[in-house]
Amino acid sequence: MKNTIELTLKVWRQKISEDKGKFETYEVKDIDTSMSFLEMLDVLNEKLTLEGDEPIAFDHDCREGVCGMCGAIVNGEAHGPQKATTLCQLHMRKFKNKDTVVIEPWRAKGFPVIKDLVVDRGSFDRIIAAGGYISVKTGSAPEANNQPIKHENAELAFDAAACIGCGACVAACPNASAMLFTSAKISHLNLLPQGQLEAKERVVQMVEKMDEEGFGNCSNEYECEAACPKEISVSNIARMNREYRDAKFSV
Amino acid sequence: MLDSKIPEGPMKDKWTNHKSKIKLVNPANKRKYHVIVVGTGLAGSAAAATLSELGYNVKVFCIQDSPRRAHSIAAQGGINAAKNYPNDGDSIHRLFYDTVKGGDYRSREANVHRLAEVSNNIIDQCVAQGVPFAREYAGYLDNRSFGGAQVSRTFYARGQTGQQLLLGAYSALMKEVGKGAIDLHTRCEVLDIVVVKGVARGIVVRNLLTGEVTSHSADAVILATGGYSNAFYLSTNAKACNVTASWRAHKRGALLANPCYTQIHPTCIPVHGDYQSKLTLMSESLRNDGRVWVPKQAKDDRSPKDIPENERDYYLERKYPSFGNLVPRDLASRNAKYVCDDGFGVGATGEAVYLDFADAINRLGKDVIKARYGNLFEMYDRITNSSPYQDPMMIYPALHYTMGGLWVDYNLMSNLPGLFVLGEANFSDHGANRLGASALMQGLADGYFIIPYTIGDYLAQNPSGQIDANLPEFKESEQKIKDKTQKILKIEGKKTVDDFHRELGKLLWNNCGMSRNEKGLKEALEKIPEIRDEFSKNVNVPGSDADLNQALERAGRVSDFLEFGETLIYDALHRKESCGGHFREESQTEEGEALRDDDNFAYVAAWQYQGVGKIPNLIKEPLTFEEVPLSQRSYK
C-alpha cells in the first residue's frame, strides 16, 4: 500500500562559490513515503529539468550510507532527523504530509560551498595526508598473525575506523570543528600496535593541519557525536587532546 | 594475434619464474617515468601508492571529491586468502581450484593461480596498514566461511570490509600525496585515452567543477575504473560507476572481453517503485544463517507468520540438499527468478522471496544473530521499515558485479601497449562467475602485488619518452570532447538523461539479465539503436559546461552505456552455451541447470570495435585447463 505526501521544500541555491546564494521554494507532490530523501530530490530534479530549470546540485554516490559523499542540513540537523543515519538512508516516512523542509549545504570555513548543496571537503584529505596513515611500504609487512591485538583495543580502533568522512560533525558543530573526524582517524591508528611508532608525529601533524585548514575548536557541545551517522564517540577527542599534549611536551 | 603471455613452466612456478625473469627499471631511472592511474578504488589506490613508493612519478585521477569514496568502499562481506589459519585444509591450490571452478571454467588458470598465491601477502599488508580485521578474543585474526566455500578463508571487518580495506589503500595513497610524490586530481572524469602510434600515451580529462578539458601524457596509463553494472540502471553499484573510461579505451582499439558475464547478486532489497535510484545489497553472509523460502501456494498473500511450516517451500534446500542456502550466487539468483516467474514471489510486486532468520534466532539466540548481522538488519529496517528479527527479510537478485571488462594479458596490459587495466575493469580472474570475497582480493592483488612488477617490465623495455600533451592526437581529442558536450547541451529535448537510462536498464535487465535467449537478445539489438537515436535527438541537459553540471556528467555516461549495451548483447548472443552468470535458456540440462559447451566455447571472447552500431569483430583466446579438470558444476 502506497502512502504519499506533499511537501514544501526550501532549498539553498548557489550557482558558484562566489555567489551569495539564497533559498528557493519548491512544492513537491505524490512523494511516496518509502522513497529515500535523495530519491525525493531526484524526483524534484527531473521536474525542474523538464520545466527548463537547472536541477539542484547535491553530492551522493553509494546511496547505502557508507561512501560519505552525501550530506545536507535538513531542518537544522546534519543528515536530517534520524539518528545514526546518512542523508541517503533517511526515508520520507520520517516526514509528515504538508511539512516544510529546509535543506542547506554543510556550512563551515573549512568546507567552502561549490554549488547549491555541494561543498569542498578537500581539507579532510589534506588532514589525512598530514599523518593519517601507517608508513608501511607494500611488500615490507610481516606475517599478519605475528602480532596478536587485544580484542578490546581492536574493537575500539574499529569503532573509530568506522568514520565515513562525510563532514556532518563539522557541519553540526557551532565552532565548525573537525575534531571528531581527526580524532577518529588518530584513535583508529594509535590504538593499534602497528600505529605506535608514528603515534606522536601523527597526532601533532594532523592536529596542526586541522587548525591550519580553518576548523574551529571543541567546546564540548557533543553536537558532532549526535550528528555522526556512524556514532563515533567524542571520547576520541579526549584521547586526541591527551595524546597531543603528551606528544608536545615530551618532544 | 592475441598473446596472453602466460609464462612457461608448471602452474605453481609460473609467477615466481616470471618475476625472476622480467626486466627491472633501476632506481635512478624510475623517477624519469610517468604513470597515470585512473580510479582510486582498491586496485587504483593500491597501484598508485605502490608505484609511487617505488619511485615512479604518479598522477592519479578520480571522479569523487575524495579518493576514499570509490565504490570498493561498499563491499560488505570479506576478502579471501589461503592462510589456512583455521587449520581446515585450505591451501593456495585449493583457493585456486575453487576460483577456477566457481568461475565455471572460463577464466585463465595462470592468472587465478597467481591471485591465490598473492592472497596471503594482501592480508599481511593490510594488517600492517592498520586495517581492523575481525579478531578472536585471543587477539588473532578471525575467519569465516563465505559464499558456499568449504573452508573458512574469508577475512572480514564487521559488515564493512570494503570500506576498511579502501581506507587502508587510501591512507597509503595519501601518504604519498602528503610527501608530494603523487599528483592527485579529484572530481575529474577521464573522457579519452590518447593513443600515439599504437601506444597509449595519455588521457584527456574533464574537470567536473570547472568544465575545463585538459590533456595529460605519460609513459603508461592504468585504468582501474571499475565495472559496468550501471548499464542496467538499477544495480547495487554507486551512482557514479560507469563504463566511460573502458568504453572510450575500447573505441581507441582496446579489446573488450566477455561483456556478457555479469553477476547478479541473490540477496538485495527488492525494487519498490519507479522512482527507485539504486538497489541495496544485503551481504551474502546472511545466507549462512538465513533460510530462503516462498509459499507453496502461488499468489499467497498471507503474512509470512501465518504460513505454516508445511506450506513453505525452502526451494534451495529442496533442490540442492548438499549446499542448500549456500549455493553459488548465480544458482541462488536464478532460482529466485524461477519461483517468482511462476507466481510464488512475495511482497507488493511479487518479485521477492523470503530470507528467514527465525530458526537461527531460535537456535542461537537473538544476541548471536545481532552480533553477526546487527548492522545489516538495521540497514534493512531503515530502508524497508521492517525488522528482520521479527519478520523474514524480503530479497531479490540485482546486478552487482561485472566479470567482463577490457582484455588484458598475464601482465595486466591490454592489447594497446602502455594501457594497463586493473580490478573489476579488466576481465581476467573470475571467468563467468565471481565467488564471494574475491573481488577485494583481486583489486588489491592487481594493485599491490602484480602491476608493480609487470609495469616495470614494460617500462624497462621502453625508454622514458617525454611525450608532449600538445601533440595533435591530444588536441584533436580535446576538441572532439568539447564538441560532443556542446552538442548534448543544445539538444534541449523533452526527456531527461535518467529517462533514457531507465529505458536502457529495463531492456537489458529483461532481455539480458538472469536468463537470456536468442529472441530476447535479438529484440534488444533492435531496440538499443532506437533508444540511442532518440537520446541524440530528445535528451534534455540543462545548464552549462563551465561549472558543476551533474546532468551533463550523467549524459556522457549514459551515451556510452547506450553504445556499450549493444556489444554486451552481441557477446551474449554469440555465446550459445550457459556458463556462470550467463544463462542461455537454449543450453540447459534436463533438470534445468546451466549446460556449458566446452567443445565450442572454452575461450575468451574479445571484441574489437568497428564503429557505433556496427557488429564488433570477435577475436578468441582459447582457454586450456591443465590443473583443474573440466567438469560440470554440481551443487546438488
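These legends go with close-up views of chain B in a predicted model.

**View 1. A five-stranded open sheet in chain B.** Reading across, the strands run β5-β2-β1-β9-β17, and the pairing is parallel. At the edges sit β5 (182-185) and β17 (419-421) of chain B, each with a pairing partner on one side only. Going from strand to neighbouring strand, the turn averages 20°, direction ignored.

**View 2. Helix α3 of chain B against the sheet.** Here α3 (residues 42-54) packs on the sheet and touches four strands of chain B: β1 (34-38), β2 (57-61), β5 and β9. Set the helix direction against that of β2(B) and you get about 160°.

**View 3. Where β9 meets β17 in chain B.** Zooming in on this pair, β9 (residues 220-223) and β17(B) run in the parallel sense, joined over three bridges. For a handy landmark, look for L223(B), which stands opposite V421(B) of β17(B).

**View 4. Helices α13 and α16 of chain B crossing.** The axes of α13 (residues 472-491) and α16 (residues 550-574) come within 11 Å, with a crossing angle of roughly 105°. Angles of 65 to 115 degrees count as roughly perpendicular, so α13(B) is roughly perpendicular to α16(B).

**View 5. The residues between α13(B) and α16(B).** On the α13(B) side you'll find K484(B), T485(B), I488(B) and L489(B). They meet L552(B), A555(B), S559(B) and D560(B) from α16(B). Sorted by class, this contact has four nonpolar, two polar and two charged residues.

Conventions:
Residues are numbered from 1 along each chain as its sequence is written. Chains are lettered from A and ligands numbered from 1 in the order in which they are written. This is a predicted model: local features need pLDDT of at least 70, side-chain atom pairs count only at pLDDT 80 or more; totals for chains, interfaces and linings use all residues. Side-chain values use heavy atoms; hydrogens and water are left out. Two strands pair if DSSP finds at least two bridges between them. Helices (H or I, at least four residues) and strands (E, at least two) are DSSP runs, numbered from the N terminus. Axes are lines fitted to C-alpha atoms, for helices over the stretch in contact, and angles run from 0 to 180 degrees between N-to-C directions. Contact means heavy atoms within 4.5 Å. Angles under 35 degrees count as roughly parallel, over 145 as roughly antiparallel, 65 to 115 as roughly perpendicular and the rest as oblique. Ala, Val, Leu, Ile, Met, Phe, Trp, Tyr, Cys and Pro count as nonpolar, Asp, Glu, Lys and Arg as charged, and the others, Gly among them, as polar.
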